[in-house]
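Trainee: I am new to this structure and would like to start with one small part. Could you take me through a single sheet slowly, and then show me what surrounds it?

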Amino acid sequence: MWSFFSRDPSKDFNYEIGEPVPGLGDKSIWKLHRAKKKGTDEEVSVFMFDIKNSSETQLDVARSSVKRLKTLRHPSILTYLDSLETDKMIFMATEYVIPLQLRLEKLSQIDTKDRQLAEQQRDLYLAWGIFQITRALSFLNNDGNLRHNNVCMWSVFVNAAGEWKLGGVEYVAGTDDGVGLPIKILPALDKYDPPEKADPGRQRLITKCSTDMWGLGCLIWEVFNGPLPVQSSLQKLEKVPNQLNGVYCELVGANPGSRPNPADIITRCRKTNGYFKNDLVDTLLFLEEIQIKDKGEKNKFFSALTPLLDNFPKDVCVNKILPHLINAFVYGDAGSSILAPMFKLGGLLEEAEYQKQIVPCVVKLFASNDRATRVRLLQQLELFIGHLQSSTVNDQIFPQIAHGFMDTNPTIREQTVKSIIHLAPKLNYNNLNVEVLRHFARLQARDEQAGIRTNTTVCLGKIAQHLHPQIRQRVLVSAFLRAMRDTFPPTRQAGILALAATQQYFLLSEVANRILPALCPLALDPDKSVRDALFRTLKGFLGKLEKVSEDPTLRESMEADVHTATPSLSNAAATWAGWAVTAVTAKFYRSQSDTAKSSVVHQHSKMLSKPGSLEQPSSSSISTTTSSVTSMTSLEQEQDFSRGSVSDYDETWDTENWGDMDTLAAQSSTDHPRSPGPGTPGASGTSLSTRSNDGWDTEEWGSLDEAPELNSPEVAEGWGAPDFPPADDLPRSASMYNWGEANKEKDDLSIGSNKGQLEAKSPGSRSGGSTGGGSGSGGGGWEDNDWEPMEPGTQAQASRLDEARRRREEKKLQRQKELELRRASRTSSGPMKLGAKKM
């Protein structure tokens, strides 16, 4: 029982007191300590007064200080939390702060690398701090009818948000308590007393604010010069800003009646070119009053805020501006314009704080049905995707983003496609290799917007490194070859460049049998930019095959990345394609709506983006790594050519202002009609192929290949069974026979003889097969039901293979009979005589 009455009362204090904070010294009766609130670890400050070693007068001052601070509530006055008095100590808990002197010392330590920016931030910040103290004094003098009587550097503190808080309220008194000035019990504070304290004749001129205005003048001098040594130093104005010279001289004037009111100081300095008129003060004042602003003012403010943030101190941005933005988003109607500054400031947070403050906002934003919000989110995705966990992306964000692939607004579809670039590294197998590719196939084949078809191809080239090797090997070639048959020139060019940029993922047999035959018809493409890209790509692929032909041991290194999930850094087989990587994989096609604000309409050849990097490990080695085994010495001329002509892409590719696609349909229909595609009679002087009216082929080359061996149900059938234009009307060369790896359906010389059979195969007849599909908008084989899992070795495929094998055997037997008959006819006529003419 006696232990209950004898225990230490300080243990009941709800705060754990930590180490002392230097800075106050003999300028205050309090000792400042860091502390944490029990149970929450919230950082606070505790002012401690030692009763045992202090006089009775000092104890009265300390008790008066606690009582006064408890009753004062203002944004620029130190926030009181709790207090406790024991027989030994007085504890007073406040928000976490440090003395102003420590903050000013930190500001004076300017990094020489960013001196100009640091000085600019310091000037803005000091103006904000002085404004806050002036505002606090205006509140005390005008609204509270109080005098502070102790304004100086040692009565000002700075919190975690960089805000200046007025403390040191030991000598606060009412304006009605008389004109006499209090006697300060600390000798170190005597130099801050106004001159009228020693002159009774002037004391009758004292106003309710004259004493505090003298203290404000002392504070301004200390902010720019350091602690005040003696009162006569106030006459030195060298370091005081010119904008403050007039006000400062009035504040430290000998006549107390001529000192201005703090409200008048704020009014004067907030005018144009005034000391308190700057971006930081304007921004913070707007955020403090954001609840009373209308929506138009908010949108205008947030739209202009992002570029200003670089000039603001970091702690002000993180602890002052960002919480206001989050509150405005959660509880207000700030709209989508708040996203850019919020995500930019989010990058300054620690990872744990980011997960706590920003990620919940992001998840909530993606669930919004507002299209403007969705577009801005997708445009800003790269700013926050690195902070999102893979589980959050796959479970909460990607399902919302996937709806954008089917949106009726072209802008949403376009931005959704581009967003996959940033999402791909975090998507799981099913979302990336099944869902994304399913939507990509449909967009590339059927979307009415040519720019979306182009960007889908570009995006597929960018995410190739993240695809599963088995899926990648089946999808890439088919998708890029489809793009090469598009009626829109930038789409064809993107398909060519994508082939070159992802060449390390192709088997050499696939290059020889599928890629090169499909590239050659574009040599007569009506668009020069397509032809230029084609010839460079052809040279590269041919040079690669030639190198392997000279040294077959290089084949393994050339195909090292085909079946690997992560491309090797040492593989130099892609050296020749460095120009293509930079041409296709960093920039997107720029929609016409991006230039709708101007009257200039770009030509087809100037609508492709500027080359950039693929952002994958093997790409980084394309132009920098070489191997003694795979060095392409025979391709130096090709590399020189690529360096000389890469400027063709440098001028018109854009990384910003992608814009929407609202007007692209009109452009595509007027400037690029879908009928005269590459290789069609209307595209060149000679008839290159017999293509269907929708710009796509009617003959399916997928039937010439072996039955697929991949049993994965996730593979899209549309890209697994590519279509190629028939070559019935072309002069045939040896390279045009047996393009598949195992052409078992037709004999080597039977293409011409089977022309009728080829023409008889229509899109409708193909739809019933295993690789069939509807025609659609330029997309034979891309119907929704084509995305059902593939069943290799079906009965239809087996019957076709058996029929082809039977026809091949019959023709072989027929040839043998013809050869035997010729031999028999020669032997029956007997030996010919020398010089005799053969009849």
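**A close look at one sheet**

Mentor: Happy to! Let us begin with one pair of residues: Ile-98 stands opposite Val-158, which belongs to strand 8. Please keep in mind that this is a predicted model. The pair is part of a wider match, for strand 6 and strand 8 (residues 156-159) are joined by 3 bridges and run antiparallel. As a bit of background, strands of a sheet pair through backbone hydrogen bonds, and they can do so in a parallel or an antiparallel way.

Now widen the view. The sheet is open and has 3 strands, in the order 6-8-9, paired antiparallel. Its edges are strand 6 (97-99) and strand 9 (164-166), each of which pairs on one side only. From one strand to the next, the twist averages 40 degrees.

Next, look for the helix. Helix 3 (residues 100-108) lies across strand 6, strand 8 and strand 9. Against strand 6, helix 3 runs at about 80 degrees.

With the sheet in place, we can turn to the empty space in the model. Rolling a probe the size of a water molecule over the atoms shows where such space is left. The structure holds 5 cavities of 30 Å³ or more, and I suggest we visit the second largest, which has about 170 Å³ of space. Its lining is made up of 22 residues, and those nearest its centre are Ser-28, Trp-30, Gly-168, Val-169 and Glu-170. Sorted by class, that lining has 14 nonpolar, 6 polar and 2 charged residues. Where does the second largest cavity lie? Domain 1 (15-97) and domain 2 (101-279) both give residues to its lining, so this cavity lies between them.

Finally, let us follow some other strands. Strand 1 (residues 15-20) and strand 2 (residues 31-37) run antiparallel and are joined by 4 bridges. Here Tyr-15 has Lys-37 of strand 2 as its bridge partner. Strand 2 also pairs with strand 3 (residues 43-50), again in the antiparallel sense, over 6 bridges. Within that pairing, Ala-35 stands opposite Val-44 of strand 3. Strand 2 and strand 3 form a hairpin with 5 residues between the strands, and in this hairpin Gly-39 takes a positive phi near 95 degrees.

When you go back to the picture, try starting again from Ile-98 and Val-158, then find helix 3 lying across the strands, and end at the cavity between the two domains.

Methods: Residues are numbered from 1 along each chain as its sequence is written. This is a predicted model: local features need pLDDT of at least 70, side-chain atom pairs count only at pLDDT 80 or more; totals for chains, interfaces and linings use all residues. Side-chain values use heavy atoms; hydrogens and water are left out. Two strands pair if DSSP finds at least two bridges between them. Helices (H or I, at least four residues) and strands (E, at least two) are DSSP runs, numbered from the N terminus. Axes are lines fitted to C-alpha atoms, for helices over the stretch in contact, and angles run from 0 to 180 degrees between N-to-C directions. Contact means heavy atoms within 4.5 Å. On a 1 Å grid over the protein atoms alone, a cavity is a set of points where a 1.4 Å probe fits but cannot get out, and a pocket is an open set with protein on both sides within 12 Å along at least five of seven lines; lining residues have an atom within 4 Å of a point. Grid points are joined across faces, edges and corners, and a volume is the space filled by probe spheres set on the points. Ala, Val, Leu, Ile, Met, Phe, Trp, Tyr, Cys and Pro count as nonpolar, Asp, Glu, Lys and Arg as charged, and the others, Gly among them, as polar. Domain bounds come from an automatic or database domain assignment.
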